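Please open the structure in your viewer and keep the sequence beside it. The stops below each suggest something to select and then say what is to be found there.

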Amino acid sequence: MNDSSRHHFGMKHMDTQRSYNTEGNATFSNTTPGDMNATTGIAQIMIPQELFLMLGLISLVENILVVVAIIKNRNLHSPMYYFICCLAVSDMLVSVSNVVETLFMLLTEHGLLLVTAKMLQHLDNVIDIMICSSVVSSLSFLCTIAADRYITIFYALRYHSIMTTQRAVAIIAVVWLTSISSSSLFIVYYTDNAVIACLVTFFGVTLVFTAVLYLHMFILAHEHSRRIMALHKSRRQATSMKGAISLTILLGVFIICWGPFFLHLILILTCPTNPYCKCYFSHFNLFLILIICNSLIDPLIYAYRSQELRKTLKEIVLCSWCFVM
(Lines give C-alpha, C1' and ligand atoms only; values in the text may rest on other atoms or scores of the structure.)
Protein backbone atom coordinates (compact mmCIF):
# COMPACT_ATOMS: atom_id res chain seq x y z
CA MET A 1 0.00 0.00 0.00
CA ASN A 2 2.14 2.77 -1.21
CA ASP A 3 -0.82 5.05 -1.89
CA SER A 4 -1.76 7.10 1.14
CA SER A 5 -5.50 6.60 0.65
CA ARG A 6 -5.02 2.85 0.83
CA HIS A 7 -3.40 3.25 4.23
CA HIS A 8 -6.78 3.86 5.80
CA PHE A 9 -7.58 0.19 5.34
CA GLY A 10 -4.28 -1.09 6.81
CA MET A 11 -3.73 -1.62 10.50
CA LYS A 12 -0.68 0.55 11.04
CA HIS A 13 0.19 1.88 7.61
CA MET A 14 -0.34 5.50 8.54
CA ASP A 15 2.38 5.41 11.19
CA THR A 16 4.93 3.64 9.03
CA GLN A 17 6.88 4.95 6.07
CA ARG A 18 7.93 2.39 3.51
CA SER A 19 11.05 2.60 1.46
CA TYR A 20 12.64 0.32 -1.06
CA ASN A 21 16.34 -0.18 -1.34
CA THR A 22 18.22 -0.41 -4.60
CA GLU A 23 17.99 -4.21 -4.59
CA GLY A 24 14.21 -4.15 -4.62
CA ASN A 25 13.80 -5.18 -0.99
CA ALA A 26 11.13 -3.54 1.11
CA THR A 27 12.01 -2.06 4.48
CA PHE A 28 10.02 -0.35 7.21
CA SER A 29 11.13 2.69 9.11
CA ASN A 30 9.11 4.14 11.96
CA THR A 31 8.67 7.86 12.15
CA THR A 32 9.54 9.53 15.40
CA PRO A 33 6.87 11.40 17.33
CA GLY A 34 8.15 14.64 15.90
CA ASP A 35 8.16 13.52 12.27
CA MET A 36 5.56 14.87 9.90
CA ASN A 37 3.29 12.36 8.23
CA ALA A 38 3.46 12.65 4.46
CA THR A 39 -0.31 12.35 4.10
CA THR A 40 -1.51 14.83 6.72
CA GLY A 41 1.49 17.14 7.22
CA ILE A 42 1.00 16.79 10.98
CA ALA A 43 3.03 14.78 13.45
CA GLN A 44 1.49 11.35 14.00
CA ILE A 45 0.79 10.06 17.50
CA MET A 46 3.08 7.07 17.73
CA ILE A 47 2.20 3.90 19.61
CA PRO A 48 4.78 1.16 20.28
CA GLN A 49 4.36 -1.80 17.99
CA GLU A 50 4.83 -4.05 21.01
CA LEU A 51 1.50 -2.74 22.33
CA PHE A 52 -0.23 -3.67 19.08
CA LEU A 53 1.37 -7.12 19.30
CA MET A 54 0.38 -7.66 22.94
CA LEU A 55 -3.24 -6.61 22.42
CA GLY A 56 -3.45 -8.69 19.26
CA LEU A 57 -2.19 -11.82 21.00
CA ILE A 58 -4.52 -11.40 23.98
CA SER A 59 -7.48 -10.84 21.68
CA LEU A 60 -6.52 -13.86 19.60
CA VAL A 61 -6.33 -16.14 22.64
CA GLU A 62 -9.65 -14.87 24.01
CA ASN A 63 -11.52 -15.44 20.78
CA ILE A 64 -9.93 -18.86 20.18
CA LEU A 65 -11.12 -19.90 23.66
CA VAL A 66 -14.65 -18.76 22.83
CA VAL A 67 -14.71 -20.70 19.55
CA VAL A 68 -13.29 -23.85 21.16
CA ALA A 69 -15.76 -23.61 24.07
CA ILE A 70 -18.76 -23.31 21.76
CA ILE A 71 -17.58 -26.25 19.64
CA LYS A 72 -16.83 -28.38 22.71
CA ASN A 73 -20.08 -27.84 24.65
CA ARG A 74 -23.15 -29.32 22.92
CA ASN A 75 -25.41 -27.21 25.12
CA LEU A 76 -24.07 -24.20 23.22
CA HIS A 77 -24.98 -25.60 19.82
CA SER A 78 -27.79 -23.14 19.10
CA PRO A 79 -28.27 -20.30 16.56
CA MET A 80 -27.39 -17.58 19.06
CA TYR A 81 -24.07 -19.18 19.97
CA TYR A 82 -23.33 -19.90 16.32
CA PHE A 83 -23.56 -16.14 15.72
CA ILE A 84 -21.36 -15.46 18.76
CA CYS A 85 -18.84 -17.97 17.43
CA CYS A 86 -18.79 -16.20 14.06
CA LEU A 87 -18.33 -12.85 15.78
CA ALA A 88 -15.34 -14.33 17.59
CA VAL A 89 -13.93 -15.54 14.26
CA SER A 90 -14.41 -12.03 12.82
CA ASP A 91 -12.49 -10.58 15.74
CA MET A 92 -9.82 -13.23 15.20
CA LEU A 93 -9.26 -11.88 11.68
CA VAL A 94 -8.37 -8.50 13.17
CA SER A 95 -6.12 -10.15 15.76
CA VAL A 96 -4.33 -12.42 13.27
CA SER A 97 -3.79 -9.64 10.73
CA ASN A 98 -2.53 -7.33 13.47
CA VAL A 99 -0.12 -9.93 14.89
CA VAL A 100 1.20 -10.93 11.45
CA GLU A 101 1.72 -7.34 10.33
CA THR A 102 3.35 -6.28 13.60
CA LEU A 103 5.74 -9.25 13.58
CA PHE A 104 6.49 -8.54 9.94
CA MET A 105 7.35 -4.92 10.74
CA LEU A 106 9.46 -5.79 13.78
CA LEU A 107 11.46 -8.43 11.90
CA THR A 108 12.01 -6.08 8.97
CA GLU A 109 13.04 -3.14 11.13
CA HIS A 110 15.63 -5.26 12.95
CA GLY A 111 17.05 -6.55 9.69
CA LEU A 112 15.91 -10.12 10.29
CA LEU A 113 13.66 -10.21 7.24
CA LEU A 114 14.06 -8.86 3.73
CA VAL A 115 11.22 -8.97 1.23
CA THR A 116 10.72 -7.66 -2.27
CA ALA A 117 8.27 -4.91 -3.11
CA LYS A 118 6.03 -7.44 -4.87
CA MET A 119 5.93 -9.71 -1.82
CA LEU A 120 5.13 -6.70 0.34
CA GLN A 121 2.25 -5.73 -1.94
CA HIS A 122 0.78 -9.24 -1.81
CA LEU A 123 1.07 -9.29 1.99
CA ASP A 124 -0.67 -5.91 2.20
CA ASN A 125 -3.51 -7.15 0.01
CA VAL A 126 -4.06 -10.25 2.14
CA ILE A 127 -3.95 -8.27 5.40
CA ASP A 128 -6.31 -5.60 4.12
CA ILE A 129 -8.82 -8.14 2.83
CA MET A 130 -8.75 -9.84 6.25
CA ILE A 131 -9.29 -6.55 8.06
CA CYS A 132 -12.02 -5.36 5.72
CA SER A 133 -13.76 -8.75 5.92
CA SER A 134 -13.58 -8.52 9.70
CA VAL A 135 -15.15 -5.05 9.68
CA VAL A 136 -18.06 -6.06 7.43
CA SER A 137 -18.66 -9.44 9.08
CA SER A 138 -18.36 -8.07 12.63
CA LEU A 139 -20.93 -5.37 11.95
CA SER A 140 -23.18 -7.91 10.22
CA PHE A 141 -23.02 -10.45 13.04
CA LEU A 142 -23.50 -7.72 15.62
CA CYS A 143 -26.76 -6.84 13.86
CA THR A 144 -27.62 -10.53 13.63
CA ILE A 145 -27.10 -11.07 17.35
CA ALA A 146 -29.21 -8.00 18.12
CA ALA A 147 -31.99 -9.33 15.86
CA ASP A 148 -31.72 -12.77 17.46
CA ARG A 149 -32.11 -11.31 20.94
CA TYR A 150 -34.99 -9.16 19.71
CA ILE A 151 -36.80 -12.24 18.40
CA THR A 152 -36.09 -14.04 21.68
CA ILE A 153 -37.76 -11.26 23.66
CA PHE A 154 -40.71 -10.33 21.45
CA TYR A 155 -41.42 -13.69 19.78
CA ALA A 156 -40.34 -16.07 22.52
CA LEU A 157 -42.94 -18.74 21.78
CA ARG A 158 -42.16 -18.77 18.06
CA TYR A 159 -38.38 -18.36 18.37
CA HIS A 160 -37.44 -21.96 17.53
CA SER A 161 -39.65 -21.96 14.45
CA ILE A 162 -38.36 -18.58 13.26
CA MET A 163 -34.64 -19.03 13.97
CA THR A 164 -33.99 -22.62 12.95
CA THR A 165 -30.50 -24.10 12.66
CA GLN A 166 -30.86 -24.22 8.87
CA ARG A 167 -31.73 -20.53 8.71
CA ALA A 168 -28.90 -19.65 11.06
CA VAL A 169 -26.40 -21.54 8.88
CA ALA A 170 -27.80 -19.84 5.77
CA ILE A 171 -27.43 -16.41 7.39
CA ILE A 172 -23.85 -17.20 8.40
CA ALA A 173 -22.96 -18.38 4.89
CA VAL A 174 -24.46 -15.26 3.29
CA VAL A 175 -22.64 -12.93 5.72
CA TRP A 176 -19.24 -14.52 5.14
CA LEU A 177 -19.68 -14.73 1.37
CA THR A 178 -20.77 -11.10 1.20
CA SER A 179 -17.99 -9.94 3.54
CA ILE A 180 -15.19 -11.64 1.61
CA SER A 181 -16.56 -10.61 -1.80
CA SER A 182 -17.14 -6.98 -0.87
CA SER A 183 -13.77 -6.75 0.88
CA SER A 184 -11.98 -8.02 -2.22
CA LEU A 185 -13.78 -5.41 -4.33
CA PHE A 186 -12.96 -2.69 -1.81
CA ILE A 187 -9.25 -3.50 -2.00
CA VAL A 188 -9.28 -3.64 -5.81
CA TYR A 189 -10.98 -0.23 -6.04
CA TYR A 190 -9.40 1.32 -2.95
CA THR A 191 -8.58 4.60 -4.76
CA ASP A 192 -12.27 5.34 -5.33
CA ASN A 193 -13.95 7.44 -2.64
CA ALA A 194 -17.09 5.39 -3.22
CA VAL A 195 -15.42 2.56 -1.29
CA ILE A 196 -15.09 4.72 1.82
CA ALA A 197 -18.62 6.04 1.30
CA CYS A 198 -19.94 2.46 1.18
CA LEU A 199 -18.18 1.54 4.43
CA VAL A 200 -19.43 4.67 6.20
CA THR A 201 -22.98 4.08 4.95
CA PHE A 202 -22.86 0.45 6.07
CA PHE A 203 -21.64 1.53 9.50
CA GLY A 204 -24.45 4.09 9.76
CA VAL A 205 -27.14 1.61 8.73
CA THR A 206 -25.76 -0.96 11.18
CA LEU A 207 -25.71 1.60 13.97
CA VAL A 208 -29.29 2.74 13.35
CA PHE A 209 -30.60 -0.83 13.02
CA THR A 210 -28.89 -1.97 16.22
CA ALA A 211 -29.91 1.19 18.11
CA VAL A 212 -33.57 0.78 17.16
CA LEU A 213 -33.64 -2.85 18.33
CA TYR A 214 -31.81 -2.12 21.56
CA LEU A 215 -33.99 0.92 22.26
CA HIS A 216 -37.15 -1.14 21.79
CA MET A 217 -35.78 -3.86 24.07
CA PHE A 218 -34.75 -1.23 26.63
CA ILE A 219 -38.25 0.26 26.64
CA LEU A 220 -39.77 -3.21 27.09
CA ALA A 221 -37.45 -3.95 30.02
CA HIS A 222 -38.31 -0.60 31.61
CA GLU A 223 -42.06 -1.17 31.24
CA HIS A 224 -41.66 -4.69 32.59
CA SER A 225 -39.85 -3.42 35.67
CA ARG A 226 -42.54 -0.79 36.27
CA ARG A 227 -45.27 -3.43 36.13
CA ILE A 228 -43.40 -5.63 38.60
CA MET A 229 -42.85 -2.71 40.96
CA ALA A 230 -46.51 -1.67 40.74
CA LEU A 231 -47.82 -5.20 41.33
CA HIS A 232 -45.33 -6.58 43.82
CA LYS A 233 -43.22 -3.64 45.01
CA SER A 234 -40.47 -6.21 44.95
CA ARG A 235 -36.76 -6.44 44.50
CA ARG A 236 -36.97 -7.83 40.96
CA GLN A 237 -36.78 -4.34 39.47
CA ALA A 238 -33.00 -4.40 39.66
CA THR A 239 -32.88 -7.71 37.79
CA SER A 240 -35.07 -6.42 34.97
CA MET A 241 -33.13 -3.19 34.59
CA LYS A 242 -29.85 -5.10 34.58
CA GLY A 243 -30.73 -6.63 31.22
CA ALA A 244 -31.66 -3.26 29.77
CA ILE A 245 -28.45 -1.68 31.06
CA SER A 246 -26.43 -4.52 29.54
CA LEU A 247 -27.94 -3.76 26.14
CA THR A 248 -27.03 -0.10 26.57
CA ILE A 249 -23.45 -1.06 27.40
CA LEU A 250 -23.26 -3.22 24.28
CA LEU A 251 -24.29 -0.36 22.06
CA GLY A 252 -22.09 2.12 23.92
CA VAL A 253 -18.96 -0.01 23.53
CA PHE A 254 -19.78 -0.55 19.86
CA ILE A 255 -19.98 3.22 19.24
CA ILE A 256 -16.89 4.04 21.31
CA CYS A 257 -14.68 1.44 19.61
CA TRP A 258 -15.75 1.97 16.00
CA GLY A 259 -17.03 5.55 15.99
CA PRO A 260 -13.66 7.37 15.81
CA PHE A 261 -12.44 5.21 12.93
CA PHE A 262 -15.55 5.81 10.84
CA LEU A 263 -15.51 9.52 11.69
CA HIS A 264 -11.97 9.42 10.33
CA LEU A 265 -13.32 7.98 7.07
CA ILE A 266 -16.07 10.61 6.91
CA LEU A 267 -13.53 13.41 7.32
CA ILE A 268 -11.44 11.92 4.52
CA LEU A 269 -14.43 12.41 2.23
CA THR A 270 -15.55 15.81 3.49
CA CYS A 271 -12.47 17.78 4.55
CA PRO A 272 -9.19 16.01 3.70
CA THR A 273 -7.19 19.27 3.60
CA ASN A 274 -8.78 21.09 6.54
CA PRO A 275 -6.21 21.75 9.33
CA TYR A 276 -8.59 20.53 12.03
CA CYS A 277 -9.32 17.37 10.09
CA LYS A 278 -5.60 16.81 9.59
CA CYS A 279 -5.14 17.11 13.33
CA TYR A 280 -7.80 14.45 13.81
CA PHE A 281 -6.04 12.23 11.25
CA SER A 282 -2.89 12.31 13.39
CA HIS A 283 -4.72 10.24 16.02
CA PHE A 284 -5.27 7.34 13.60
CA ASN A 285 -3.16 4.92 15.62
CA LEU A 286 -5.39 5.47 18.64
CA PHE A 287 -8.42 4.54 16.54
CA LEU A 288 -6.69 1.31 15.57
CA ILE A 289 -6.03 0.54 19.24
CA LEU A 290 -9.75 1.04 19.94
CA ILE A 291 -10.65 -1.37 17.13
CA ILE A 292 -8.32 -4.01 18.56
CA CYS A 293 -9.75 -3.35 22.03
CA ASN A 294 -13.19 -4.05 20.60
CA SER A 295 -11.92 -7.52 19.70
CA LEU A 296 -10.82 -7.85 23.32
CA ILE A 297 -14.13 -6.67 24.76
CA ASP A 298 -16.50 -8.57 22.46
CA PRO A 299 -15.85 -11.99 24.05
CA LEU A 300 -16.46 -10.51 27.50
CA ILE A 301 -19.75 -8.90 26.52
CA TYR A 302 -21.28 -11.44 24.17
CA ALA A 303 -19.87 -14.68 25.49
CA TYR A 304 -18.46 -14.53 29.00
CA ARG A 305 -21.81 -13.34 30.40
CA SER A 306 -23.19 -16.80 29.67
CA GLN A 307 -22.86 -19.06 32.71
CA GLU A 308 -22.69 -22.17 30.53
CA LEU A 309 -19.94 -20.68 28.39
CA ARG A 310 -18.02 -19.45 31.42
CA LYS A 311 -18.11 -22.95 32.88
CA THR A 312 -16.77 -24.46 29.65
CA LEU A 313 -14.06 -21.80 29.37
CA LYS A 314 -12.90 -22.51 32.92
CA GLU A 315 -12.67 -26.22 32.11
CA ILE A 316 -10.63 -25.52 28.97
CA VAL A 317 -8.26 -23.16 30.80
CA LEU A 318 -7.80 -25.59 33.70
CA CYS A 319 -7.18 -28.52 31.34
CA SER A 320 -4.67 -26.46 29.37
CA TRP A 321 -2.91 -25.38 32.56
CA CYS A 322 -2.69 -28.98 33.84
CA PHE A 323 -1.37 -30.10 30.47
CA VAL A 324 1.34 -27.43 30.52
CA MET A 325 2.30 -28.21 34.10
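How many helices and how many strands are there in the protein chain? There are 10 helices and 3 strands, where helices (H or I, at least four residues) and strands (E, at least two) are DSSP runs numbered from the N terminus. This is a predicted model, in which local features need pLDDT of at least 70 and side-chain atom pairs count only at pLDDT 80 or more, while totals for chains, interfaces and linings use all residues. Residues are numbered from 1 along each chain as its sequence is written, and side-chain values use heavy atoms, with hydrogens and water left out.

**The whole chain**

Begin with the whole protein chain, which read along the sequence follows the pattern β-β-α-α-β-α-α-α-α-α-α-α-α. Of its 325 residues, 46% count as buried, where buried means under 20% relative accessible area, exposed over 50%, and partly exposed in between (1.4 Å probe, protein chains only). If you look at contacts (heavy atoms within 4.5 Å), residues 24 or more positions apart account for 76% of those with a separation of 6 or more.

**Helix H2 and its surroundings**

Next select helix H2, residues 79–109, whose 31 residues reach 45 Å from the first C-alpha to the last, close to the 45 Å expected at 1.5 Å a residue; the expected span is 1.5 Å times one less than the number of residues. Of the 31 residues of H2, 22 are buried, so the helix is largely enclosed by the rest of the structure. After H2 comes Gly 111, whose phi is positive, near 70 degrees.

Now add Ser 134, which lies in helix H3 (residues 117–154) and counts as buried at 0% relative accessibility. Leaving aside neighbours within four places in sequence, Ser 134 is in contact with Ser 90, Asp 91, Leu 93 and Val 94. Ser 138 also has its place in helix H3, and it is buried, with a relative accessible area of 5%. With the neighbours within four places again left aside, Ser 138 is in contact with Leu 87, Ser 90 and Asp 91. The C-alpha atoms of Ser 138 and Val 89 are separated by 8.8 Å, although these residues are 49 residues apart along the chain.

**Aromatic rings**

How many aromatic pairs does a search of the whole structure find? It finds 8, counting rings of Phe, Tyr and Trp (its six-membered ring) whose centres lie within 6.5 Å, with planes under 30 degrees apart called stacked, over 60 edge-to-face and the rest tilted. Select Phe 203 and Phe 262 to see a stacked pair, 4.1 Å centre to centre with 10 degrees between the planes. Phe 203 lies in helix H6 (residues 193–232) and Phe 262 in helix H7 (residues 237–270), so the pair ties together parts that are 59 residues apart in sequence. Phe 203 counts as buried at 9% relative accessibility, and Phe 262 counts as buried at 1%.

Move on to Trp 258 and Phe 261, which form an edge-to-face pair, 6.4 Å centre to centre and with 75 degrees between the planes. Both lie in helix H7, 3 residues apart, about one turn of the helix, and both are buried. Ring pairs link Phe 203, Trp 258, Phe 261, Phe 262 and Phe 284 into a cluster.

**The nonpolar cores**

Keep Trp 258 and Phe 261 selected, and add Phe 254, Phe 262 and Leu 265: these are the residues with the most contacts inside the largest nonpolar core, which has 41 residues. Such a core is a set of buried Ala, Val, Leu, Ile, Met, Phe, Trp, Tyr and Cys residues joined through side-chain atoms within 4.5 Å. H7 gives the most to this core, with 10 residues. Not counting residues up to four places away in sequence, Trp 258 touches Val 135, Phe 203, Ile 291 and Asn 294. A second, separate core of 26 residues includes Leu 60, Val 67, Leu 87 and Ala 168.

**The salt bridge**

For the last stop, select Glu 315 and Lys 72, which form a salt bridge with their closest N and O atoms 3.7 Å apart; the term means a side-chain nitrogen of Lys or Arg within 4 Å of a carboxyl oxygen of Asp or Glu. The structure holds 1 salt bridge. The pair links distant parts of the chain, with Glu 315 in helix H10 (residues 307–324) and Lys 72 in helix H1 (residues 49–72), 243 residues apart. Glu 315 is partly exposed, with a relative accessible area of 34%.
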